[in-house]
Amino acid sequence: MTAPPRPRAARFATFMFFGLNGFAMGMWVVHIPNVERATGISHSTLGALLLVLGGAAFAGMQISGPLVDRLGHRRLVPAAGVLLGLAVCAPGFANSWWTLGLSLIFFGFGNGAIDVGMNSHAVVVERAYPRPIMAAFHAFWSIGGAFAAVIGAATLGGGVPTGVTLTCTGLLCVLLSLASARFLMEPSEAPASSVAEEADAAPVRRRTPGRVVWLLGLLALALMLSEGVANDWAALHMEKVLGTSSSTAALAYGAFAVAMTTGRFLTDRVAAWAGPAAIVRYGATLAAVGLTTAAAAPWVPLSLVGWAVFGLGLSGGVPQLFTAAGNLDTRASGALMARVVGLGYVGLLAGPALIGGLTRWMPLNVTFAVPVVLCVLAALFAGVLNPKPEPAKEPVA
């Protein structure tokens, strides 16, 4: 019988998958304008196709969740990484709306599958450690996206064809996914002490997994909707409301993204001391204060501080929710996590569209009241991460 992979090696492999996923998505994003021109589609058609990508990603999440419980991480996660790598090549060769749409279906499905698979594996790896480590994995997703922005800008500036760049990106994903597969860890390979502690707590965790997982999913939807608002509207807020130049406006998203990435590297240490519920409660409260400041500030520097505080507040909440979902029932960790990740993804997609619709009736900065309220609600319901056990029933004589 072969020895199980070491937790440290499994942790490194998980960092690899998170970084690859962020890199692949980032390379696609920076090449969207090129793909739009190559296919000759309009902005509205592109918007519709991006919704197709989102729908395919959601489907990939829901299908891969039960599969990872059945097949195991060593099979599902590398397979999803290979699918993502093959799929990210296709948009670079699309020449019409329907070929791009077909490409985005496969790309979205692969992205959704690896999203659930790598998060489910991250929960297993975290069980082997005496401290929280989930937020750092999510920080590596952000770092992968940052590398994509830099490398993508360089290849675009050098005139490298989009198909060549995306193909190289895909090959990198395929090779590293296959190379990392042997280091992944299955739930049964967790250290004995962790398994014992998990078994002791299992009756509490599985008491009402159906109800709790939906509450966790709604919290993820609220926080990721707020994140989506920053991704798509931070720069436009600075430009349209405060009247800055486009270059200055870009600093708003930069402040948010840098603060979020930094916060994710710090969250694990704070979570080990304060607990996951406190991370969500006080983080969401801080996010509400930050976005309110950004929306109401009459000066650019103060607004930038608000966006940074908003990113810092949001940075640690979602990883705690994913960890809680994966630990509700270790026999169905992937399926439960798929619900939470899927609802969070719906929020990420719906947030920008919701704000865009509301701007027909009110100023942009006023529409930010929606994510502020959602952050406050997330803070109020953060106690779901600290479920209380039901009192033991005494046997009837």
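Which residues does Ala230 touch, not counting residues up to four places away in sequence? They are Tyr253, Phe256, Trp307 and Phe310, where touching or contact means heavy atoms within 4.5 Å. Keep in mind that this is a predicted model, in which local features need pLDDT of at least 70 and side-chain atom pairs count only at pLDDT 80 or more, while totals for chains, interfaces and linings use all residues. Residues are numbered from 1 along each chain as its sequence is written, and side-chain values use heavy atoms, with hydrogens and water left out.

**Ala230 and the nonpolar core**

- Ala230 sits in helix α9; helices here are DSSP runs (H or I, at least four residues), numbered from the N terminus.
- Ala230 is buried, at a relative accessible area of 0% (buried means under 20%, with a 1.4 Å probe and protein chains only).
- Between Ala230 and Leu358 there are 15 Å, C-alpha to C-alpha, and 128 residues in sequence.
- The largest nonpolar core (buried Ala, Val, Leu, Ile, Met, Phe, Trp, Tyr and Cys residues joined through side-chain atoms within 4.5 Å) has 97 residues, and the ones touching the most other members are Trp28, Phe107, Leu216, Trp307, Phe310 and Phe368.
- Helix α9 (residues 209-240) supplies the largest share of this core, 13 residues.
- Setting aside residues up to four places away in sequence, Trp307 has a long list of partners, including Ala230, Ala234, Phe256, Leu291 and Phe368.

**α4 against α5**

- Helix α4 (residues 73-89) packs on helix α5 (residues 97-127) at about 150°, with the axes 8 Å apart; axes are lines fitted to C-alpha atoms over the stretch in contact, and angles run from 0 to 180 degrees between N-to-C directions.
- That angle makes α4 roughly antiparallel to α5 (over 145 degrees).
- The crossing of α4 past α5 is left-handed, meaning that the near helix is turned anticlockwise from the far one by less than a right angle.
- By class, 14 nonpolar, eight polar and no charged residues make up the contact of α4 with α5; Ala, Val, Leu, Ile, Met, Phe, Trp, Tyr, Cys and Pro count as nonpolar, Asp, Glu, Lys and Arg as charged, and the others, Gly among them, as polar.
- In the loop between α4 and α5 you'll find Pro91, which is buried at 2% relative accessibility.
- Beyond its neighbours within four places in sequence, Pro91 is in contact with Trp28, Val35, Leu100, Ser103, Leu104 and Leu166.

**α5 against α14**

- α5 and helix α14 (residues 333-358) pack at about 125°, with axes 9 Å apart.
- So α5 is oblique to α14 (outside the ranges under 35, 65 to 115 and over 145 degrees).
- This time the crossing of α5 past α14 is right-handed, with the near helix turned clockwise.
- On the α5 side, the contact residues include Asn111, Asp115 and Arg127, and on the α14 side they include Ser333, Met337 and Tyr345.
- The contact of α5 with α14 counts six nonpolar, five polar and two charged residues.
- Asn111, part of α5, is buried with a relative accessible area of 4%.
- Apart from neighbours within four places in sequence, Asn111 is in contact with Asn21, Met25, Ala57, Leu84 and Tyr345.

**Leu46 in α3**

- Leu46 belongs to helix α3 (residues 43-71) and is buried at 10% relative accessibility.
- Leu46 touches Ile32, Glu36 and Ile41, leaving out residues up to four places away in sequence.

How values were computed:
Helix = DSSP H or I, 4+ residues; strand = E, 2+ residues; numbered from the N terminus. Buried < 20%, exposed > 50% of the residue type's maximum accessible area, 1.4 Å probe, protein only.
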